[in-house]
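Dear colleague,

Here is the structure I said I would pass on. My notes on what was found in it follow below.

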Amino acid sequence: VVDAEKLAIDEINAAGGVLGKQVVPIVEDGASDWPTFAEKAKKLLERDKVAAVFGCYTSASRKAVLPVFERHNGLLYYPTYYEGLEESKNIIYTGQEATQQTIAAVEWLVKNKGKTFYLIGSDYVWPRTTNKIAKKVLASLGAKTVGEDYIPLGNTEFSTTINKIKAQKPDVILATVVGGSNVAFFKQLRSAGFTGANQTLMTLAVTEDELRGIGAENAV
């Protein structure tokens, strides 16, 4: 996210900046720690007097900084999809929310891939809310949730869940695992014998970096 923002700033400045002024980036790292995100947001608004903040990636980090931006009347551009169920005049939500992402995906999967689903996600608000929506859609379509697991953020051990998936034999695995955990999850699925030929997997949060980490030989 930071690299993309810096690239955009370089392009804007090369084209003359904004109203004749160059954009100056100030970079802070929330360190995947929600209180640190709130502390850094306060510093950027109070001390640095920034015009706007671009950042936060997980919903947990966004929720940590939300009261800070509302208290100081700051502006946060949130650069990714999220679970919805929130709005604030101090946040520009740039990505789709969960109903826009999940409902169409689940409807297509039920129509084309089968009616039994195993849900696995990272353990925080976005996966849990997304799966809550998915389960309602599945029930309305006469489909069934045969399992649901949540894994701590950053976790790289999925053997227990994969054994459960093997036992349940779902038509579809619906994954809301985030970050580098995806690399471990997909590699372990492959080692357990799951491939694109024998298992449908819909994942809602995979980046190019994680796909490179997985490698073509481990693609499910």
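Of the 220 residues in the chain, 43% count as buried. Please keep in mind that this is a predicted model.

Overall picture

The chain is made up of 8 helices and 7 strands. Its C-alpha trace spans about 60 × 35 × 30 Å along the principal axes. Among contacts with a separation of 6 or more, 64% are between residues 24 or more positions apart. The exposed area of the chain is about 11800 Å², and 53% of that comes from carbon and sulfur atoms.

Charges

Positive and negative side chains number 25 each, and the centres of the two sets are 6 Å apart. Searching the whole structure gives 9 salt bridges. I went through several of them.

Salt bridges between helix α3 and the loop between β2 and β3

Glutamate 83 pairs with arginine 62 in a salt bridge, with 3.0 Å between the closest N and O atoms. This pair links distant parts of the chain, 21 residues apart: arginine 62 belongs to helix α3 (residues 59-72), while glutamate 83 sits in the loop between β2 (76-78) and β3 (91-93). How buried or exposed are the two partners, glutamate 83 and arginine 62? Glutamate 83 has a relative accessible area of 3%, so it counts as buried under the 20% cut-off. Arginine 62 is also buried, at 0% relative accessibility.

A salt bridge also joins glutamate 86 to lysine 63, where the closest N and O atoms are 2.9 Å apart. Because glutamate 86 lies in the loop between β2 and β3 and lysine 63 in helix α3, this pair ties together parts that are 23 residues apart in sequence. Here the two partners fall into separate classes of accessibility: glutamate 86 is buried at 12%, whereas lysine 63 is partly exposed at 37%.

The salt bridge network

Which residues are linked in a network of salt bridges? They are Glu28, Lys40, Lys43 and Asp48. Within this group, the side chains of aspartate 48 and lysine 43 meet in a salt bridge with an N to O distance of 2.8 Å. Aspartate 48 has a relative accessibility of 25% and therefore counts as partly exposed, since the buried class ends at 20%.

To recap the pairs between the loop and the helix: glutamate 83 bridges to arginine 62, and glutamate 86 bridges to lysine 63.

Regards

Definitions and conventions: Residues are numbered from 1 along each chain as its sequence is written. This is a predicted model: local features need pLDDT of at least 70, side-chain atom pairs count only at pLDDT 80 or more; totals for chains, interfaces and linings use all residues. Side-chain values use heavy atoms; hydrogens and water are left out. Helices (H or I, at least four residues) and strands (E, at least two) are DSSP runs, numbered from the N terminus. Buried means under 20% relative accessible area, exposed over 50%, partly exposed in between (1.4 Å probe, protein chains only). Contact means heavy atoms within 4.5 Å. Accessible areas come from the Shrake-Rupley method with a 1.4 Å probe; for residues, only the protein chains shown count as cover. Lys and Arg count as positive and Asp and Glu as negative; His and the chain ends are not counted. The place of a charge is taken as NZ of Lys, CZ of Arg, CG of Asp or CD of Glu. A salt bridge is a side-chain nitrogen of Lys or Arg within 4 Å of a carboxyl oxygen of Asp or Glu.
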